[in-house]
Amino acid sequence: MAQLTMIQAINQALAQALDQDPAVIVFGEDVGKNGGVFRATDQLQARFGEQRVVDTPLSESAIIGSAIGLAVNGMKPVAEIQFMGFLYPAMDQLASQASRLRFRSAGRYALPLVVRAPFGGGVRTPELHADSLEALFTHTPGLKVVIPSSAYDAKGLLLQAIDDPDPVLFAEPMKLYRAIKEEVPEAPYRIPLGQARVVREGRDATVLTWGAPVWLVHKLAGQLQQERGISLEVIDLRSLIPLDEETIMHSVSKTGRALVVHEAVKTGGFGAELASRIMEKVFLYLHAPVMRVTGYDTPYPVPQVEDEWLPHEERILQAVHELLDY
(Lines give C-alpha, C1' and ligand atoms only; values in the text may rest on other atoms or scores of the structure.)
Protein backbone atom coordinates (compact mmCIF):
# COMPACT_ATOMS: atom_id res chain seq x y z
CA MET A 1 0.00 0.00 0.00
CA ALA A 2 1.45 3.36 -1.02
CA GLN A 3 2.43 6.03 1.50
CA LEU A 4 0.76 9.26 0.37
CA THR A 5 0.47 12.81 1.58
CA MET A 6 -2.97 14.36 1.78
CA ILE A 7 -2.43 16.33 -1.44
CA GLN A 8 -1.39 13.14 -3.25
CA ALA A 9 -4.46 11.34 -1.92
CA ILE A 10 -6.71 14.16 -3.14
CA ASN A 11 -5.04 14.07 -6.56
CA GLN A 12 -5.57 10.31 -6.73
CA ALA A 13 -9.22 10.63 -5.72
CA LEU A 14 -9.86 13.25 -8.42
CA ALA A 15 -8.11 11.12 -11.06
CA GLN A 16 -10.18 8.08 -10.15
CA ALA A 17 -13.42 10.07 -10.12
CA LEU A 18 -12.63 11.50 -13.57
CA ASP A 19 -11.69 8.05 -14.83
CA GLN A 20 -14.77 6.28 -13.49
CA ASP A 21 -17.50 8.79 -14.23
CA PRO A 22 -17.68 10.89 -17.44
CA ALA A 23 -20.01 13.32 -15.65
CA VAL A 24 -17.22 14.49 -13.34
CA ILE A 25 -15.52 17.74 -14.37
CA VAL A 26 -12.79 19.59 -12.46
CA PHE A 27 -12.31 23.31 -12.82
CA GLY A 28 -10.99 26.41 -11.12
CA GLU A 29 -8.23 28.98 -11.26
CA ASP A 30 -4.98 27.43 -12.57
CA VAL A 31 -6.12 23.85 -12.00
CA GLY A 32 -5.19 22.82 -15.55
CA LYS A 33 -1.71 23.46 -16.85
CA ASN A 34 -0.35 24.53 -13.46
CA GLY A 35 -2.10 21.78 -11.47
CA GLY A 36 -3.62 24.15 -8.94
CA VAL A 37 -2.07 26.46 -6.38
CA PHE A 38 -1.13 23.47 -4.18
CA ARG A 39 -0.81 20.97 -7.10
CA ALA A 40 -3.89 19.00 -6.10
CA THR A 41 -4.83 18.71 -9.77
CA ASP A 42 -1.31 18.10 -11.04
CA GLN A 43 -1.22 16.26 -14.40
CA LEU A 44 -4.99 15.80 -14.52
CA GLN A 45 -5.46 18.06 -17.54
CA ALA A 46 -2.70 16.24 -19.43
CA ARG A 47 -4.42 12.93 -18.69
CA PHE A 48 -8.09 13.85 -19.12
CA GLY A 49 -7.95 16.84 -21.47
CA GLU A 50 -9.00 20.49 -21.39
CA GLN A 51 -12.71 19.62 -21.58
CA ARG A 52 -12.63 17.73 -18.25
CA VAL A 53 -10.02 19.77 -16.30
CA VAL A 54 -10.72 23.39 -17.05
CA ASP A 55 -8.91 26.61 -16.19
CA THR A 56 -11.33 29.41 -15.33
CA PRO A 57 -11.12 33.18 -15.12
CA LEU A 58 -10.30 34.75 -11.77
CA SER A 59 -13.90 34.94 -10.55
CA GLU A 60 -15.05 32.81 -7.63
CA SER A 61 -18.69 33.78 -8.10
CA ALA A 62 -18.57 32.69 -11.74
CA ILE A 63 -16.87 29.42 -10.77
CA ILE A 64 -19.61 28.47 -8.31
CA GLY A 65 -22.36 29.78 -10.60
CA SER A 66 -21.01 27.61 -13.44
CA ALA A 67 -20.85 24.62 -11.09
CA ILE A 68 -24.51 25.07 -10.21
CA GLY A 69 -25.51 25.17 -13.88
CA LEU A 70 -23.45 22.08 -14.69
CA ALA A 71 -24.85 20.14 -11.73
CA VAL A 72 -28.45 20.99 -12.60
CA ASN A 73 -27.81 19.63 -16.07
CA GLY A 74 -26.46 16.26 -14.97
CA MET A 75 -22.75 16.87 -14.48
CA LYS A 76 -20.77 16.34 -11.27
CA PRO A 77 -18.57 19.45 -11.04
CA VAL A 78 -15.66 19.65 -8.60
CA ALA A 79 -14.72 23.31 -8.29
CA GLU A 80 -11.49 24.44 -6.67
CA ILE A 81 -11.35 27.74 -4.81
CA GLN A 82 -7.73 28.62 -4.10
CA PHE A 83 -8.30 29.62 -0.45
CA MET A 84 -11.45 29.43 1.65
CA GLY A 85 -11.31 33.18 2.34
CA PHE A 86 -11.87 33.72 -1.39
CA LEU A 87 -15.34 32.20 -1.02
CA TYR A 88 -16.74 35.50 0.24
CA PRO A 89 -17.39 36.73 -3.35
CA ALA A 90 -19.15 33.42 -4.08
CA MET A 91 -21.27 33.41 -0.92
CA ASP A 92 -24.35 34.58 -2.80
CA GLN A 93 -24.10 31.66 -5.24
CA LEU A 94 -23.62 29.15 -2.43
CA ALA A 95 -26.11 30.48 0.12
CA SER A 96 -28.76 31.91 -2.21
CA GLN A 97 -28.68 29.33 -4.99
CA ALA A 98 -26.72 26.08 -4.51
CA SER A 99 -27.90 25.25 -1.01
CA ARG A 100 -31.58 25.96 -1.76
CA LEU A 101 -32.21 24.25 -5.06
CA ARG A 102 -33.48 20.93 -3.67
CA PHE A 103 -35.79 22.78 -1.25
CA ARG A 104 -36.86 25.35 -3.84
CA SER A 105 -37.71 22.68 -6.43
CA ALA A 106 -39.56 20.48 -3.92
CA GLY A 107 -36.97 17.76 -4.47
CA ARG A 108 -37.14 17.72 -8.27
CA TYR A 109 -33.52 18.80 -8.64
CA ALA A 110 -30.43 17.49 -6.90
CA LEU A 111 -27.20 19.46 -7.00
CA PRO A 112 -24.20 17.10 -6.95
CA LEU A 113 -21.38 19.62 -6.76
CA VAL A 114 -18.25 19.75 -4.62
CA VAL A 115 -16.39 22.92 -3.74
CA ARG A 116 -12.83 22.19 -2.66
CA ALA A 117 -11.25 24.95 -0.58
CA PRO A 118 -7.92 24.93 1.33
CA PHE A 119 -8.23 26.60 4.72
CA GLY A 120 -6.62 27.09 8.10
CA GLY A 121 -3.42 28.58 9.40
CA GLY A 122 0.04 27.58 10.46
CA VAL A 123 1.73 28.01 7.08
CA ARG A 124 2.52 31.73 7.27
CA THR A 125 -0.14 32.93 4.86
CA PRO A 126 -1.90 36.27 5.37
CA GLU A 127 -5.53 36.92 6.20
CA LEU A 128 -8.14 35.57 3.75
CA HIS A 129 -5.58 32.86 2.83
CA ALA A 130 -5.83 31.27 6.29
CA ASP A 131 -9.37 32.03 7.49
CA SER A 132 -11.47 29.17 8.89
CA LEU A 133 -14.99 29.95 7.72
CA GLU A 134 -16.63 26.57 8.24
CA ALA A 135 -19.22 27.94 10.68
CA LEU A 136 -20.58 30.29 7.99
CA PHE A 137 -21.40 27.33 5.80
CA THR A 138 -22.81 25.13 8.56
CA HIS A 139 -25.29 27.98 9.00
CA THR A 140 -26.39 27.51 5.39
CA PRO A 141 -29.10 24.82 5.30
CA GLY A 142 -28.76 22.54 2.30
CA LEU A 143 -24.97 22.65 2.20
CA LYS A 144 -22.82 19.85 3.61
CA VAL A 145 -19.47 20.66 5.22
CA VAL A 146 -16.73 18.01 5.25
CA ILE A 147 -13.20 18.40 6.66
CA PRO A 148 -10.60 15.60 6.38
CA SER A 149 -7.58 15.48 8.66
CA SER A 150 -5.63 12.64 7.08
CA ALA A 151 -4.64 11.36 3.65
CA TYR A 152 -6.77 8.23 4.05
CA ASP A 153 -9.84 10.24 5.03
CA ALA A 154 -9.24 12.86 2.33
CA LYS A 155 -9.46 10.28 -0.45
CA GLY A 156 -12.43 8.36 0.93
CA LEU A 157 -14.43 11.43 1.93
CA LEU A 158 -13.76 13.25 -1.37
CA LEU A 159 -14.94 10.31 -3.47
CA GLN A 160 -18.06 10.08 -1.31
CA ALA A 161 -18.63 13.84 -1.59
CA ILE A 162 -18.44 13.64 -5.40
CA ASP A 163 -21.10 10.91 -5.33
CA ASP A 164 -23.35 12.90 -3.00
CA PRO A 165 -26.51 14.34 -4.58
CA ASP A 166 -26.24 17.59 -2.59
CA PRO A 167 -23.65 20.41 -2.61
CA VAL A 168 -20.64 19.73 -0.41
CA LEU A 169 -18.02 22.19 0.81
CA PHE A 170 -14.85 20.09 1.07
CA ALA A 171 -12.57 22.09 3.36
CA GLU A 172 -8.95 20.94 3.19
CA PRO A 173 -6.55 21.93 6.01
CA MET A 174 -3.58 23.13 3.99
CA LYS A 175 -1.20 22.73 6.94
CA LEU A 176 -1.72 18.98 6.56
CA TYR A 177 -1.30 18.82 2.76
CA ARG A 178 2.30 17.62 2.98
CA ALA A 179 2.84 17.30 6.73
CA ILE A 180 2.20 13.57 7.11
CA LYS A 181 2.31 10.47 4.95
CA GLU A 182 0.20 7.43 5.61
CA GLU A 183 -0.95 4.27 3.86
CA VAL A 184 -3.70 4.90 1.31
CA PRO A 185 -5.23 2.06 -0.73
CA GLU A 186 -4.81 2.43 -4.49
CA ALA A 187 -8.32 1.14 -5.19
CA PRO A 188 -11.17 3.64 -4.85
CA TYR A 189 -13.03 3.56 -1.52
CA ARG A 190 -15.57 5.76 0.12
CA ILE A 191 -16.12 6.97 3.70
CA PRO A 192 -19.74 7.87 4.54
CA LEU A 193 -20.36 11.52 5.36
CA GLY A 194 -21.56 12.17 8.89
CA GLN A 195 -19.44 9.56 10.67
CA ALA A 196 -16.96 10.91 13.20
CA ARG A 197 -13.70 9.05 13.89
CA VAL A 198 -12.65 8.15 17.42
CA VAL A 199 -8.94 8.90 17.11
CA ARG A 200 -8.14 7.82 20.64
CA GLU A 201 -10.32 6.26 23.31
CA GLY A 202 -10.25 7.68 26.85
CA ARG A 203 -12.21 7.98 30.08
CA ASP A 204 -11.49 11.38 31.73
CA ALA A 205 -12.62 13.92 29.11
CA THR A 206 -13.69 14.15 25.47
CA VAL A 207 -11.92 16.46 23.04
CA LEU A 208 -13.90 17.30 19.89
CA THR A 209 -11.92 18.72 17.02
CA TRP A 210 -11.43 18.70 13.23
CA GLY A 211 -8.85 19.65 10.62
CA ALA A 212 -5.26 20.47 11.54
CA PRO A 213 -5.74 20.51 15.36
CA VAL A 214 -6.59 16.79 15.32
CA TRP A 215 -2.92 15.85 15.16
CA LEU A 216 -1.88 18.28 17.91
CA VAL A 217 -4.64 17.12 20.24
CA HIS A 218 -3.79 13.48 19.56
CA LYS A 219 -0.14 14.11 20.42
CA LEU A 220 -1.01 15.94 23.63
CA ALA A 221 -3.40 13.18 24.66
CA GLY A 222 -0.56 10.69 24.37
CA GLN A 223 1.73 12.89 26.46
CA LEU A 224 -0.88 13.41 29.17
CA GLN A 225 -1.55 9.69 29.37
CA GLN A 226 2.12 8.83 29.63
CA GLU A 227 3.23 11.60 31.97
CA ARG A 228 0.20 12.13 34.22
CA GLY A 229 -2.16 9.22 33.63
CA ILE A 230 -4.85 11.51 32.17
CA SER A 231 -6.99 9.65 29.66
CA LEU A 232 -8.50 11.81 26.88
CA GLU A 233 -10.93 10.59 24.26
CA VAL A 234 -10.16 12.39 20.99
CA ILE A 235 -12.84 12.62 18.30
CA ASP A 236 -12.25 13.93 14.79
CA LEU A 237 -15.68 15.06 13.61
CA ARG A 238 -14.67 14.77 9.89
CA SER A 239 -18.06 16.17 8.91
CA LEU A 240 -19.80 19.13 10.57
CA ILE A 241 -22.90 18.84 8.40
CA PRO A 242 -24.14 16.12 8.65
CA LEU A 243 -22.98 15.82 12.26
CA ASP A 244 -22.40 12.52 14.04
CA GLU A 245 -24.29 13.39 17.24
CA GLU A 246 -24.47 9.76 18.33
CA THR A 247 -20.68 9.39 18.66
CA ILE A 248 -20.36 12.78 20.36
CA MET A 249 -23.07 12.21 22.93
CA HIS A 250 -21.97 8.65 23.67
CA SER A 251 -18.44 9.86 24.39
CA VAL A 252 -19.43 12.86 26.52
CA SER A 253 -21.89 10.72 28.47
CA LYS A 254 -19.02 8.35 29.23
CA THR A 255 -16.36 10.92 30.22
CA GLY A 256 -18.61 13.65 31.67
CA ARG A 257 -16.40 16.42 30.29
CA ALA A 258 -16.02 18.01 26.86
CA LEU A 259 -13.48 20.35 25.30
CA VAL A 260 -13.82 21.70 21.75
CA VAL A 261 -10.68 22.74 19.86
CA HIS A 262 -10.92 24.58 16.54
CA GLU A 263 -8.99 27.21 14.58
CA ALA A 264 -11.91 29.45 13.71
CA VAL A 265 -12.75 32.48 15.83
CA LYS A 266 -14.62 31.77 19.05
CA THR A 267 -17.78 33.84 18.75
CA GLY A 268 -20.33 31.99 16.66
CA GLY A 269 -17.84 29.24 15.88
CA PHE A 270 -19.01 25.66 15.45
CA GLY A 271 -17.72 24.94 18.95
CA ALA A 272 -20.59 27.03 20.29
CA GLU A 273 -23.05 24.82 18.42
CA LEU A 274 -21.44 21.70 19.85
CA ALA A 275 -21.53 23.10 23.38
CA SER A 276 -25.21 23.94 23.00
CA ARG A 277 -26.15 20.50 21.67
CA ILE A 278 -24.21 18.76 24.45
CA MET A 279 -26.08 20.87 27.00
CA GLU A 280 -29.40 19.97 25.38
CA LYS A 281 -28.73 16.23 25.08
CA VAL A 282 -26.47 15.08 27.92
CA PHE A 283 -26.50 17.87 30.51
CA LEU A 284 -27.12 15.49 33.41
CA TYR A 285 -23.92 13.56 32.59
CA LEU A 286 -21.66 16.63 32.76
CA HIS A 287 -19.21 17.22 35.61
CA ALA A 288 -18.03 20.57 34.19
CA PRO A 289 -19.10 23.17 31.61
CA VAL A 290 -18.16 22.51 28.00
CA MET A 291 -14.98 24.48 27.27
CA ARG A 292 -13.44 25.79 24.05
CA VAL A 293 -9.96 26.56 22.77
CA THR A 294 -10.23 28.52 19.52
CA GLY A 295 -8.77 31.29 17.44
CA TYR A 296 -9.31 34.80 18.81
CA ASP A 297 -12.08 37.14 17.69
CA THR A 298 -9.89 39.10 15.30
CA PRO A 299 -9.04 38.89 11.61
CA TYR A 300 -6.38 36.28 10.98
CA PRO A 301 -3.11 37.83 12.20
CA VAL A 302 0.23 38.47 10.52
CA PRO A 303 2.63 35.49 10.37
CA GLN A 304 4.80 36.80 13.22
CA VAL A 305 2.08 36.12 15.81
CA GLU A 306 -0.05 33.40 14.23
CA ASP A 307 1.41 30.66 16.45
CA GLU A 308 0.05 32.53 19.48
CA TRP A 309 -3.30 33.15 17.79
CA LEU A 310 -3.94 29.52 16.87
CA PRO A 311 -4.89 26.93 19.51
CA HIS A 312 -1.50 25.76 20.74
CA GLU A 313 -0.14 23.26 23.21
CA GLU A 314 -0.10 25.52 26.26
CA ARG A 315 -3.66 26.77 25.76
CA ILE A 316 -5.04 23.28 25.20
CA LEU A 317 -3.24 21.83 28.25
CA GLN A 318 -4.50 24.68 30.42
CA ALA A 319 -8.07 24.04 29.27
CA VAL A 320 -7.76 20.31 29.93
CA HIS A 321 -6.59 20.95 33.50
CA GLU A 322 -9.35 23.52 34.11
CA LEU A 323 -11.87 20.99 32.82
CA LEU A 324 -10.58 18.21 35.05
CA ASP A 325 -10.20 20.44 38.13
CA TYR A 326 -13.60 22.07 37.86
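## A walk from strand β11 outwards

Let's start with a pair of strands: β9 (residues 197–200) and β11 run antiparallel, and three bridges join them. One spot to look for is R200, which stands opposite V234 in β11. Keep in mind as you look around that this is a predicted model.

β11 has another partner too. Strand β10 (residues 205–209) pairs with β11 over five bridges, this time in the parallel sense. To find your place there, pick out L208, whose bridge partner in β11 is I235. How does the chain get from β10 to β11? It crosses through helix α8 (residues 213–228), and this β-α-β crossover is right-handed.

Now look at β11 itself, residues 232–236. The strand is mostly covered, with five of its five residues buried. That goes for both faces: L232, V234 and D236 are buried on one side, and E233 and I235 are buried on the other. So far, then, we have a covered strand that pairs with β9 and with β10.

Next stop, the nonpolar interior. The largest nonpolar core has 46 residues, and those with the most contacts inside it are I64, L87, L237, I248, L274 and I278. Plenty of elements chip in: β2 (24–28), α3 (60–72), β5 (114–119), β7 (168–173), α9 (245–255), β13 (258–265) and α10 (270–282) each supply at least two residues of this core. L274 is a handy place to zoom in. Setting aside its neighbours within four places in sequence, L274 is in contact with L208, W210, L237, L243, I248 and V260. There is also a second, separate core, made of 39 residues, and A17, V24, L158 and I162 are among them.

Finally, follow the chain to helix α12 (residues 313–325). This helix has 13 residues and reaches 18 Å from its first C-alpha to its last, close to the 18 Å expected at 1.5 Å a residue. Which residues of α12 are buried? They are R315, I316, A319, V320 and L323. Seen down the axis of α12, its buried residues fall within an arc of 135°, so they line one face of the helix. The spacing helps make sense of this: an α-helix has 3.6 residues a turn, so residues three or four places apart point the same way. Turn to the face of α12 away from its buried side and you'll meet the exposed residues E314 and D325.

And what covers those buried residues of α12? The cover includes some elements we've already visited, β10, α8, β11 and β13, along with β14 (291–295) and α11 (306–309).

Definitions and conventions: Residues numbered from 1 in each chain as written. Predicted model: local features only at pLDDT ≥ 70, side-chain atom pairs only at ≥ 80, totals over all residues. Heavy atoms only, no water. Buried < 20%, exposed > 50% of the residue type's maximum accessible area, 1.4 Å probe, protein only. Helix = DSSP H or I, 4+ residues; strand = E, 2+ residues; numbered from the N terminus. Pairing = 2+ DSSP bridges. Right-handed = clockwise from strand over helix to strand, strands pointing away. Core = buried A, V, L, I, M, F, W, Y, C linked by side-chain atoms within 4.5 Å. Contact = heavy atoms within 4.5 Å. Expected span 1.5 Å × (residues − 1). Arc of directions from axis to C-beta.
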